[in-house]
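Student: Before I trust any label put on this model, I would like to see each term set against its definition. Could we go through it that way?

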Amino acid sequence: GDNDINYAFFDDKPMTSYRRLILRNGGNDNLHALLRDGLAQNLSAGRMDIDRQAYRPIVVYINGQYWGLYDMREKMDEDYVENNYGLNEENFDVVELNGRLTNGSLAAWQNFFSFLKSTNAATPAGYAAIRARMDVNSFIDYIILQTYVANTDWPRNNTRWWDDHGTQYTWRWMLRDLDFAFLTKNLNRDMITFVMKGKAPTSVVFNKLWAGSEFRNEFAQRY
């Protein structure tokens, strides 16, 4: 049959057709609140420029038997970019974690990452050059949300980012798996330092940008 499911599953997204959906059991939050990820991602809806997974709680039955409460979610992969941005998967790259490819080619990311590390973001010219190659405003929102909810299963884990080689969109980070959001043990954790101490690419990007006063001012005002 048809590969697509033609139905508008999420009220806050314009799509009326999906190829893949996730029935999620709450992940690491499945024995606790069962909604940390959905809550954390929904905080950005209509407020922040972030690629987030739509969320809808559902009851699942299998062959008529009650199977529990699940989250219906968009799958945060190449289908997400296709659905939300109208791009064909051969025209964009998706990278995750420490630089592992999930769609397209690594060439554009490796080129940008090398450029970033060799550019002085503390100078107006350097910062402008970086802004031309990544969506800094969206990245600021992304860091704000992750640190606000104190997600400590990040940025070493659960990171993913994409771009279409700068044709329409520069590098953007994607929200996924915030099951560690709002844990009481992290109530007083200094999340900015937590991110800065990381070695993963997302931490490298943040540290590089933090060297510039213009970025720090934008970040503080936006926060």
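What follows is a short exchange about the whole chain and then one helix.

Tutor: Please keep in mind that this is a predicted model, in which local features need pLDDT of at least 70, side-chain atom pairs count only at pLDDT 80 or more, and totals for chains, interfaces and linings use all residues. Residues are numbered from 1 along each chain as its sequence is written, and side-chain values use heavy atoms, with hydrogens and water left out.

Student: How do you know that the radius of gyration of the protein chain agrees with a compact globule?

Tutor: The radius is taken over C-alpha atoms, and the globule rule is 2.2 Å times the number of residues to the power 0.38; for 223 residues this gives a value near 17 Å, and the protein chain has 18 Å, so the two agree.

Student: What makes α5 a mostly covered helix?

Tutor: Helices are DSSP runs of H or I with at least four residues, numbered from the N terminus, and buried means under 20% relative accessible area with a 1.4 Å probe, protein chains only. In α5, 11 of the 13 residues are buried, among them Phe 139, Asp 141 and Tyr 142. Their cover includes α1 (36-42), α4 (124-131) and α8 (213-222).

Student: How do you know that the span of α5 agrees with its number of residues?

Tutor: The expected span is 1.5 Å times one less than the number of residues, so the 13 residues of α5 (136-148) should span 18 Å, and the end C-alpha atoms are indeed 18 Å apart.

Key
Helices (H or I, at least four residues) and strands (E, at least two) are DSSP runs, numbered from the N terminus. Buried means under 20% relative accessible area, exposed over 50%, partly exposed in between (1.4 Å probe, protein chains only). Contact means heavy atoms within 4.5 Å.
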